[in-house]
Protein chains: 2
Amino acid sequence: MNVNFINPFLESLLNVISTMANMKLNPGKPKIKTDNLAKGDVSGLIGMVGPQTKGSLSITFEQGLILEIMQNMLGENPGEINDEITDLVGEITNMVTGGAKNILGEKGYDFEMATPVVVAGLGHRISHQADGMKIIMPFTSPHGSAYIEICFEK
Amino acid sequence: MNVNFINPFLESLLNVISTMANMKLNPGKPKIKTDNLAKGDVSGLIGMVGPQTKGSLSITFEQGLILEIMQNMLGENPGEINDEITDLVGEITNMVTGGAKNILGEKGYDFEMATPVVVAGLGHRISHQADGMKIIMPFTSPHGSAYIEICFEK
């Protein structure tokens, strides 16, 4: 996978969370994922298909962080992962992938996005199955962590 | 979503499990999903992008069933959802979607598949976010249940 693919996704998440929830996430160092370390409580997943490559993206949130994002956006905190939260995670997944798609399109990397799927379950693990390098980008906040994972076929 | 989309996925899963694991799943009646009823322990998800539509598919297994499938295929049962199991679920997801893609392509419905992602976590719930009808197809067996869910944008 081209390392140019990393920053557009990273910056897109920071931008979306800042704009929607007026919240600053602290990005950690992106690294190559060698095992299924990232655990979280709710994840948005989306497939990407382009002429040069195809792959998958996931954005995983710990419950405390996504509840705080909802609180900041709407002034209400459901206290658990409900349908409003899964819809929000689907929306964030679409916006982050769309933002990265625009930046990458300008650089000549085109892809189409499938529609997002959201998984809710405390402490679930994500395993991208494309036959290529898997990159994980950690983000921290006082309310919990988030992780973007992307994987494109060689 | 066109109802012609249902049977190719249903038959493809029956065919894959029968061929790989010499096991017969009993298909229940496909229905329109109105809430997040399907729960499972390991799910394969894949995005689909075509000129007419785009969408997402998930195949969710209860732990007992996927362990029995592994047992039938390889003669060994890891007793829990490990990396071999998640790889197997990714493989099944690819094969089922690829089988349905071939059938639907002959009928003039073309789409490209993204790469699969597997989620492992006891009792997780899946929520397809495309703005279209969500179809759930239940399958039962003496070892547990499985569910295919597909959703295509209008």
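**Exercise 1. Work out how many residues each chain puts into the A–B contact, and whether the copies use the same surface.**

Start with the count: chain A brings 31 residues and chain B brings 31 residues, where contact means heavy atoms within 4.5 Å. A quick word on ground rules: this is a predicted model, in which local features need pLDDT of at least 70 and side-chain atom pairs count only at pLDDT 80 or more, while totals for chains, interfaces and linings use all residues. Residues are numbered from 1 along each chain as its sequence is written, chains are lettered from A and ligands numbered from 1 in the order in which they are written, and side-chain values use heavy atoms, with hydrogens and water left out.

Next, match the two lists. Since 100% of the interface residues of chain A are also interface residues in chain B, the copies meet through the same surface.

**Exercise 2. Find the operation that lays chain A on chain B.**

Superpose by least squares on the C-alpha atoms of residues with pLDDT of at least 70 in both copies. You get an RMSD of 0.0 Å, with a turn of 180° and a shift of 0.0 Å along the axis. The two copies are thus related as by a two-fold rotation axis. Within chain A, the C-alpha nearest that axis belongs to A:G47, 2.2 Å away from it.

**Exercise 3. Describe what the interface is made of.**

First, the area: chains A and B bury about 2,400 Å² between them, 57% of it on carbon and sulfur atoms. That's the accessible area (1.4 Å probe) that two parts lose on being put together, summed over both.

Then the pairs. Zero salt bridges turn up across this interface (a side-chain nitrogen of Lys or Arg within 4 Å of a carboxyl oxygen of Asp or Glu). Eight residue pairs are in polar contact, both residues at pLDDT 80 or more; such a contact is a pair of N or O atoms within 3.5 Å, where within protein one must be able to donate a hydrogen and the other to accept it, and residues adjacent in sequence count only if both atoms are side-chain atoms.

Now the elements. β6(A) gives the most to the side of chain A that touches chain B, at ten residues; strands here are DSSP runs (E, at least two residues), numbered from the N terminus.

**Exercise 4. Say how β6(A) is joined to β6 of chain B.**

Count the bridges: eight join β6(A) to strand β6 (residues 117-128) of chain B, and the strands run antiparallel. Pairing takes at least two DSSP bridges between the strands. For a spot to look at, A:H128 stands opposite B:V117 in β6(B).

Terms used:
Helices (H or I, at least four residues) and strands (E, at least two) are DSSP runs, numbered from the N terminus.
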